[in-house]
Amino acid sequence: MADVVHYERDGAVGVITVDNPPVNALSVEVRAGLVDALARGLADAGAAALVILGAGRTFIAGADIREFGKPLTPPDLNEVIGRIEASPKPVIAALHGTALGGGLEVALGCHYRGAVVSAQVGFPEVKLGLLPGAGGTQRLPRLIGVEPALEIIVRGDPVPALKAHALGIVDEIVPGDLRAGAVEFAARVAAEKRPLRKIGASDEKLLAARSNPAVFETFRTGIERQARGYLAPFKCIEAVQAAVTLPFDAGLRRERELFVECLLSPQSRAQIHAFFAEREATKIPDVPKDTPVRLIKTAAVIGAGTMGGGIAMNFANAGIPVTVVEATAEALDRGLAVVRKNYAATAEKGRLSPAEMERRTALIRGTLDFQAVADADVVVEAVFEDMGVKKEVFAKLDRTCTAGAILATNTSTLDVDEIASATARPGSVIGTHFFSPANVMRLLEIVRGARTAKETIATAAELARRIGKVWVLAGNCDGFIGNRMLAGYLREAEFLVEEGATPAQVDRVIYDFGFPMGPFAMSDLAGLDVGWRIRKGKAHRRPKDLRDSPVADRLCEQGRFGQKTGAGWYRYEKGSRTPIPDPEVEALVAASAKEQGLTRRAVGDEEILARCLYPLVNEGARILEEGIALRPSDIDVIYLHGYGFPRYRGGPMFWADTLGLKRVYEEIAAYHRTHGRHWQPAPLLRTLAEQGQSFRDFKGTGA
Ligand code: T1G
């Protein structure tokens, strides 16, 4: 067994240290090591008490997720925790970093818990489609009460040490050195002969819920919207309910049944895939982790429109001073007013203190003077989506900024190489495609041009991490990854409506699949004019011979841009965002269908789902073949974080794998026969299907 748990005596206290980098996950070696070290501590006559702590940057951060799906090798975590709780000597957990999942469960098996103020505890299992499976759902409610326990278990968010202390999860906040403080605390517990608190043995905190079982229904109703379609949150509630209705041991057994139900669900596999995919996306084969990065102390944004203002907020939120340049005072004032309104809205929700709001607002400096960006370490251009305008801005930036400055474009579709060609520093030019609203959406597509230097990519990646973005590297093509795939999704949705479906039917099918909204509601929210301008733009590079439905353009020609004009694919009552089907749109669609010589028909939900989502998969396969995306899971990360693809389905490529690529390929090939060139199957999809493989077998060709 690897030596991942150590035991040594420190005065009258036995110290058990888990040393399993990077996060002290509870691998089988750690579980066995804990059993051995505990036995040594109990046999050590000189040890009056024991401390368990983690080496490195954190306490135990949970079970080893990589072990899931493999046969469970004893000792089971419940057994390890049961031994700790049954110890005749006091056992103290010393927490730093993140005591999460099984880590917090181990800590709850201890008799007392000490933590440094920077520590966090939590049960993130629900975000993996699971639930705490080693007593967490049975012990936490017994320690802090049912309602606070439900909040922690069902939402899965980390709890800072001070709040954990206030709740009673942490007994002492340890100032200074954790190990010394924990050893002192343990010695004190022993000297004072404090009781060996076995959480599992006490029901006192359950009595309120036992006499008011409605608390569970109330909680269930409270999460219904946010947890729509997910399994685990509701299984978490069932497990906590078992703590109230069953004796402890029976509750543990019920928890295990519910845990296994979640573990075996496709939803958990999808969410564990997403967890690792987000981390895999930060690995760029030809830009290693030790690539030098430039120090970013100050930033600038050109353009204070919706995107520019949101981008500026990202820098201010990370404490990076940012200068925002606009061409006119009116545009600048309008843009900065939107920024202030956004901050005020967050503060009103209690998610930002007034002082913090002032601090962040003060970091954003507006100006009409282009020279103000001269010393910025990074400049993000967020001007009008027009190649000529962008090249003019980049030429000016090239003349104005210091030699080391990075020049980033927020273009959502235009050619990054052509933009770079307007400068003498193509190595320092990169695409940073923020998603709107930029101060809310976590996704960032980092687009490498043909001549973008590795240092520029590494610096952009580090900056993305600093501003809290989930970033994915994309090659340079029309629409990069996300929007390029979206084109087929929107095109087919519009064809389906021409052929006989209604916008509301298509939206319902996509909503029921798990998206927050369907294509037509999304288009009305984003604004139909965005796509309209791109289609009309000189620089867009979509193949000319692929017909699109003319309906969206006709809506725009009538000024129906969506919510912003009170009508688009739907109509909207004044002040309302609720989409209302509009007979005018039906008539427009019918006219377009007539022009195409189409006989409208009833369209089934299954066909709608396939024809909207398969284009994502097919284009995703092309994007992989061309090396625009490094790996299929990168594409999944983009759709999970940028387009609302339901996390419990893992993303378009993972979802296609769950269907089986043979079936997906055959259905796409059939649509190709009936609907023409749009449906040409991607060669990679055909190859994988014919070889009986999945996207997860594809090792990429490098972006
Ligand atoms: N198991 C295996 N590997 C893990 C891991 C885990 N629990 N947590 C992290 N890693 C890997 C990760 O893939 C990455 O690998 C490296 O560690 C650094 O992670 C029985 C059933 C702890 C907050 O869900 O939230 O306990 O990419 O980049 O940003 O009831 O990792 O370097 O090869 O994320 O500093 C519950 C998951 C498990 C916690 C640190 N626990 N981890 O964040 O580093 S289920 C979790 C995190 C469970 C019990 C149940 C974060 C972190 P690589 P990182 P970080």
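1. Which polar backbone atom is 2.9 Å from a nitrogen atom of the ligand? It belongs to Ile 65. This is a polar contact, that is, a pair of N or O atoms within 3.5 Å.

2. The model is predicted: local features need pLDDT of at least 70, side-chain atom pairs count only at pLDDT 80 or more, and totals for chains, interfaces and linings use all residues. Residues are numbered from 1 along each chain as its sequence is written, and side-chain values use heavy atoms, with hydrogens and water left out.

3. Two side chains also make polar contacts with the ligand. An N or O atom in the side chain of Lys 283 is 2.8 Å from an oxygen atom of the ligand, and for the side chain of Arg 66 the distance to a ligand oxygen atom is 3.4 Å. The ligand taken alone exposes 990 Å², and the protein buries 76% of that (accessible areas by the Shrake-Rupley method with a 1.4 Å probe).

4. There are 27 residues around the ligand (a residue is near if one of its heavy atoms lies within 4 Å), and Arg 57, Ala 63, Glu 105, Arg 279 and Lys 283 come nearest. The shell divides into 15 nonpolar, 5 polar and 7 charged residues; Asp, Glu, Lys and Arg count as charged, while Gly is among the polar ones.

5. Helix 3 and helix 12 (266–280) each supply at least two residues of this shell. The largest share, 3 residues, comes from helix 12. Helices (H or I, at least four residues) and strands (E, at least two) are DSSP runs, numbered from the N terminus.

6. One open sheet has 3 strands in the order 5-7-8, with mixed pairing; strands pair if DSSP finds at least two bridges between them. Its edge strands, strand 5 (98–100) and strand 8 (159–160), each pair on one side only. Strand 5 runs parallel to strand 7 (residues 120–122), joined by 3 bridges, and Leu 100 stands opposite Gly 122.

7. Helix 3 (residues 102–109) lies across strand 5 and strand 7, at about 85° to strand 5. Contact means heavy atoms within 4.5 Å; axes are lines fitted to C-alpha atoms, for helices over the stretch in contact, and angles run from 0 to 180 degrees between N-to-C directions.

8. Another open sheet has 6 strands in the order 1-2-3-4-6-9, also with mixed pairing. Strand 1 (5–10) and strand 9 (172–173) each have a single partner strand, so one side of each is left without a neighbour in the sheet. Strand 4 (residues 91–95) pairs with strand 6 (residues 112–115) in the parallel sense over 4 bridges, and Ala 93 has Arg 113 as its bridge partner.

Notes: Polar contact = N/O pair within 3.5 Å; in protein donor to acceptor, adjacent residues only side chain to side chain.
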